[in-house]
Amino acid sequence: MTTIDFNPAAFTEGSALPAAEQRARNTSTASENKIHDDAVARQYGFRGGLVPGATSYAYLASHLTRLLGPAWAAYGTSSIALVKPVYEGEMVSLGGQVLHITGDANRGALDLACWVDGADGVRRAPGTAGLTWGESRTQESRPAFAVTELEPRRPEDRLPISAATAPVGEPLPPVLIDTSSAAAAAYLDGIDDHNPLFRDGSTFGGPLLHPGWYLGIANQALSRNFILNAWIHTRSETRHLGPALAGGTYRAYAQITAAFEKRGHEYVTADVLIAGSADQPIARITHTAIVVVARKG
């Protein structure tokens, strides 16, 4: 049963959420993904290297955790559509609005619209978030693609991927993620998050993993299994399945569920399950990315 540590009475239907600002940082300048490199990104029509979509989402997830507390980080839901680029050094605005709220402090549900806007007021990433509390939760069944017998793929064994070659429906080798104290601190420093829930401890025991990390892990479910030169994360829907604590090695299991072309770009969508050190599910993500970006001109 999910308890809460925020006051539902402070949220009314139609009301705006408190806003926040964040100076965006390109956290992937040294990444294998060259869409984050200034020179390469300009070849695709951008004015410079893109701030990773997972980083833009992480800023929003930090803001939502500040407003909704650790219950959202452990059991909430979210969606994000990365519709416009964010660039290094831009000041982005994090905001939202209450769409629907029912119940009281003992039992209820909250649905929000939320977003990342540029300093110019242009919406870069619209999203939604939700939280229910006071109800017993049943553990969802393990998906068939979460195959523990598969060994992680070696970097030299990766092949390129396109809409035509994507292995739709096949379980991908799992990806191992280090969530040690040092790795967690490095991640938090990269997104400028100093919330003690993620650094010192939480109502669930030790420090929580930051929910923004989940989308970075979903990205790695693709990048550690395929050769991707310049690619763009475009959309994610996430369900938090339980508290994830820093420490140990997490696994990301995935299966590509769709591959398609749209406006010259080639996309894949993956179903991703992230499991903790004892292989307990902690997040399920539907993750979409452009794996072959159309060049401009």
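Strands E10 and E11 form a hairpin with 2 residues between them, and Arg-263 in the turn has a positive phi of about 50°. Helices (H or I, at least four residues) and strands (E, at least two) are DSSP runs, numbered from the N terminus.

This is a predicted model, in which local features need pLDDT of at least 70 and side-chain atom pairs count only at pLDDT 80 or more, while totals for chains, interfaces and linings use all residues. Residues are numbered from 1 along each chain as its sequence is written, and side-chain values use heavy atoms, with hydrogens and water left out.

**Strand pairing**

Two strands pair if DSSP finds at least two bridges between them. E10 (residues 249-262) is joined to E11 (residues 265-275) by 11 bridges, and the two run antiparallel. Within this pairing, Ala-259 has Val-268 of E11 as its bridge partner. E10 also pairs with strand E7 (residues 171-178), in the antiparallel sense and over 6 bridges. Here Val-175 is matched with Ala-252 in E10.

**Helix H6**

The expected span of a helix is 1.5 Å times one less than its number of residues. For the 12 residues of H6 (residues 212-223) this gives 16 Å, which agrees with the 17 Å between its end C-alpha atoms. A residue is buried under 20% relative accessible area, exposed over 50% and partly exposed in between (1.4 Å probe, protein chains only). In H6, 11 of the 12 residues are buried, so the helix is largely enclosed by the rest of the structure. Among the buried residues are Trp-213, Tyr-214, Leu-215 and Ile-217.

**Salt bridges**

A salt bridge is a side-chain nitrogen of Lys or Arg within 4 Å of a carboxyl oxygen of Asp or Glu. The structure holds 15 of them, including the three below.

| Pair | N to O distance |
|---|---|
| Glu-90 and Arg-47 | 3.6 Å |
| Arg-124 and Asp-120 | 3.2 Å |
| Arg-154 and Glu-156 | 3.6 Å |

Salt bridges that share partners join Arg-47, Glu-90, Asp-120 and Arg-124 into one network.

Glu-90 and Arg-47 meet in a salt bridge. Glu-90 lies in the loop between strand E2 (77-81) and strand E3 (91-103), and Arg-47 in the loop between helix H1 (38-43) and helix H2 (53-68), so the pair ties together parts that are 43 residues apart in sequence. Glu-90 is buried at 14% relative accessible area, whereas Arg-47 is exposed at 54%.

In the second pair, Arg-124 is buried at 7% relative accessibility and Asp-120 is exposed at 53%. In the third, Arg-154 is partly exposed at 48% and Glu-156 is exposed at 57%.
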